[in-house]
Amino acid sequence: WLRVAWDIYCRNLEEQPLLTKASMASLIFFSSDSATQYISSYNTTNSSDRNIAFVWDAPRALSGASFGVVATTWLHYWWGFLEYAVGARLPVAQYRLSNTFIKVLADQVIGAPLYIYGYYVTTSFGKAVATTNDLSKTWSETTHKANQMLWPTMLQHWKLWPFVHALNFYFAPIHHRVLVQNTVLVGWSGYLSHLNNRQLMTPAQEIKVTIIRRETELKMEAERLKRQQEKQLNK
């Protein structure tokens, strides 16, 4: 049945490439977000409360699915452009390694930040729209959050995706590259969903937390020294 499913996928990919890619990505984001919701709920619930029914956040999962469509459409045309632009200067047949390096570099410097920023904007705004009437305020909050979350997320992104895309651009035919990405996205999209809804500390927040932690340590040390001095005076 795997062979049959693969043949169906390849036939649809040939006949309707963008629709097929977008449908797969949407399904992956929807399923991964739903699974992340369940796992996060289980891990953060006290053992005595785990008999409480799990509440599925539909707007959150649907906003993730909508991003799957947006992101795949972007990648379909962006990677097509990279293939044409880089291939015109560095033909794959002659400069395969250099061709791959330039495409990965351009993708990670230009494409990846737009992808991550688009994820936070699309999913946060899509989820918030279901519960608010003030779209202007929601949009402002959404873009502010995206700006704050972008670079901390990119630092995590660059630990994985340059390697994945180096293999992807070097070995995979262009029409199967989104499928390779979608396969890795099974885990990565869940991770993004976790960051988006559980919050990753921004550099400013990390500095603030570090200062508070240091002030607390200094206060505790001062109290310890004060108690030692009082003991010595009482002897």
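This passage describes the salt bridges and a nonpolar surface patch of a predicted model.

Six salt bridges are present in the structure. One of them joins D7 and R3, whose closest N and O atoms lie 3.7 Å apart. Both residues belong to helix α1, which spans residues 2-15, and a spacing of four residues places them about one turn of the helix from each other. The two partners fall into separate accessibility classes: D7 is partly exposed because its relative accessibility is 32%, whereas R3 is exposed because its value is 60%, the cut-off for exposed residues being over 50%.

A further salt bridge is formed within helix α8, by the side chains of R224 and E221, with an N to O distance of 2.5 Å. Helix α8 comprises residues 203-234, and R224 and E221 are separated by about one helical turn because they stand three residues apart in this helix. R224 has a relative accessible area of 33% and is therefore partly exposed. E221, at 34% relative accessibility, is likewise classed as partly exposed.

The salt bridge between E83 and R177 has its closest N and O atoms 2.7 Å apart. Since E83 is located in helix α3 (residues 58-89) and R177 in helix α7 (residues 177-198), this pair ties together parts that are 94 residues apart in sequence. With a relative accessible area of 22%, E83 is partly exposed. R177, in contrast, has a relative accessible area of 5% and is therefore buried, as the class of buried residues covers values under 20%. The pair also takes part in a wider arrangement, in which E83, K103 and R177 are linked in a network of salt bridges.

Apart from these charged contacts, a nonpolar patch of about 650 Å² is found on the surface. The patch is made by W74, F101, I102, L105, V109, I110 and L114. Helix α4, which runs over residues 96-129, gives the most to this patch, contributing six residues. L114 is placed in helix α4. The relative accessibility of L114 is 49%, and the residue therefore counts as partly exposed. This value meets the requirement for patch residues, which must have over 30% relative accessible area.

In summary, the salt bridges described include pairs within a single helix, such as D7 and R3 in helix α1, and a pair across two helices, E83 in helix α3 and R177 in helix α7. The nonpolar surface patch, in turn, draws most on helix α4.

Notes
Residues numbered from 1 in each chain as written. Predicted model: local features only at pLDDT ≥ 70, side-chain atom pairs only at ≥ 80, totals over all residues. Heavy atoms only, no water. Patch = residues over 30% accessible without salt bridge, like charges linked within 9 Å, V, L, I, M, F, W, Y side chains within 5 Å. Areas by Shrake-Rupley, 256 points an atom, 1.4 Å probe, with all protein chains shown as cover. Salt bridge = Lys/Arg side-chain N within 4 Å of Asp/Glu carboxyl O. Buried < 20%, exposed > 50% of the residue type's maximum accessible area, 1.4 Å probe, protein only.
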